[in-house]
Amino acid sequence: MESLALKEIIMEATLAARQQSPSFRLSRHADHHRIKHVTGDRDAIAGFLQDVRQIDVQNLEYVPYMRYHLADMLVNRLGDEFARTLVDLVKDRRHGGFTIGLQDLSQDNDDFVKFGTAIAHIIGSSNHDAMSGTYYARFGVKHTDNSDSYLRQAYRLFTMHTDGTFVTEATDWLLMMKFAEQNAIGGESRFLHLDDWEERDHFVNHRLGTRPFLYKAPGSKNTNERVERPVFFQSEFGLSLSFIDQFAQPANREEAAYLHALSASMEASKGTKEVGLPVGDLVVLNNYFYLHGRAPFERNEALFRELMRQRGTFAA
């Protein structure tokens, strides 16, 4: 059996060989030392958008196999090596994610949904999103909001967390794509790779580190599940984490103190990086070893941002 170190050497050599491909190229992300930026051939992406012009978004919502059909159409334009590279980047713990965009080829929201759906279904299968009632959710952030979570509250720090903490189905990866933005200063995405968190081992080795906590979602999430899961656990990717401060239900003062200190340490970590995402770009992250959040916006009554979220499991 190949050792982990040998597998990492092979993976690094493979990714290095793919830095320049006829249909895409890889580059270091300007804001994050681990994430790669993928640039698809502009003509190939334009061809994909033309190929899918007659596919209706409602058809994607109603017919699950059409989502994979979109993925096939994008792979037909950009190649099997493109598809393998996206999957490898998300599964490779040294990177664990990538960004890619439409390069201003379209400002049509339907094209954004189609492109994001194709990328997601190269990675795997999108989970049902109870908040929206379909496989993706679109949500806006603006000056005023009556939401019962930090998701839409523009002027609060959206604290570091993983997705899927309060549902029983697996959440292996998440995708976020920016649809629109006006009068927005601040609000950068914030990412923390588990291996870049300086105080991680202190919390792993705490007696509560692997003990299950109860999670329960607020009404806006449209789910009544009550889930117990530990903060730290082992997965196929090694040490992994599941946490969100808003929905954890500590049973006593000790549990509350542990979660409070854990969250504060993540927020203060030098490994937590702010990452810009232009309109028409998306990011995919491995949900087992990345936490994500959002910086507060500066106050502006005309503020508006719209995002799309998809999250799901890796292909079998």
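**Close-up views of a predicted model**

**Figure 1. Bridge partners of strand 3 and strand 15 in the predicted model.** Threonine 99 has valine 283 of strand 15 as its bridge partner. The two strands, strand 3 and strand 15 (residues 281-286), run antiparallel and are joined over five bridges. Threonine 99 of strand 3 is also the bridge partner of histidine 37. Strand 3 itself is covered on both faces: Gly97, Thr99 and Gly101 are buried on one side, and Phe98 and Ile100 are buried on the other. This division can be read against a general pattern, in which the side chains of a regular strand alternate between the two faces of the sheet. Five of the five residues of strand 3 are buried, so the strand is largely enclosed by the rest of the structure.

**Figure 2. Strand 2 and its pairing with strand 1 and strand 3.** Strand 1 (residues 24-28) pairs with strand 2 in the antiparallel sense, over five bridges. One of the residue pairs shown is arginine 28 with its bridge partner in strand 2, lysine 36. The pairing of strand 2 with strand 3 (residues 97-101), by contrast, is parallel and comprises three bridges. Here valine 38 has isoleucine 100 of strand 3 as its bridge partner. Of the five residues of strand 2 (residues 36-40), four are buried, so this strand is largely enclosed by the rest of the structure.

**Figure 3. The lining of the largest pocket.** The largest pocket contains about 450 Å³ of space. It is lined by 35 residues, of which Phe139, Leu151, Phe158, Met176 and His292 are the closest to its centre. Two or more lining residues come from each of strand 6 (158-161), strand 7 (173-182), strand 8 (189-193), strand 16 (290-294) and strand 17 (304-314). By residue class, the lining consists of 14 nonpolar, twelve polar and nine charged residues.

**Figure 4. An open sheet of four strands with a helix packed on it.** The strand order is 6-16-8-14, and the pairing is antiparallel. Strand 6 and strand 14 (273-275) are the edge strands, each pairing on one side only. With direction ignored, neighbouring strands of this sheet are turned against each other by 25° on average. Between strand 8 and strand 14, the antiparallel pairing extends over three bridges. In that pairing, arginine 190 stands opposite glutamate 274 of strand 14. Helix 8 (residues 253-268) packs on the sheet and touches strand 6, strand 8 and strand 16. The direction of helix 8 makes about 100° with that of strand 6.

**Figure 5. An open sheet of three strands.** In this antiparallel sheet the strands follow the order 10-9-13. The edges are formed by strand 10 (226-230) and strand 13 (248-249); each has a single partner strand, so one side of each is left without a neighbour in the sheet. Strand 9 (residues 212-216) and strand 10 are paired in the antiparallel sense over five bridges. Among the residues of this pairing, lysine 216 stands opposite arginine 226 of strand 10.

How values were computed
Residues are numbered from 1 along each chain as its sequence is written. This is a predicted model: local features need pLDDT of at least 70, side-chain atom pairs count only at pLDDT 80 or more; totals for chains, interfaces and linings use all residues. Side-chain values use heavy atoms; hydrogens and water are left out. Buried means under 20% relative accessible area, exposed over 50%, partly exposed in between (1.4 Å probe, protein chains only). Two strands pair if DSSP finds at least two bridges between them. On a 1 Å grid over the protein atoms alone, a cavity is a set of points where a 1.4 Å probe fits but cannot get out, and a pocket is an open set with protein on both sides within 12 Å along at least five of seven lines; lining residues have an atom within 4 Å of a point. Grid points are joined across faces, edges and corners, and a volume is the space filled by probe spheres set on the points. Ala, Val, Leu, Ile, Met, Phe, Trp, Tyr, Cys and Pro count as nonpolar, Asp, Glu, Lys and Arg as charged, and the others, Gly among them, as polar. Axes are lines fitted to C-alpha atoms, for helices over the stretch in contact, and angles run from 0 to 180 degrees between N-to-C directions. Contact means heavy atoms within 4.5 Å.
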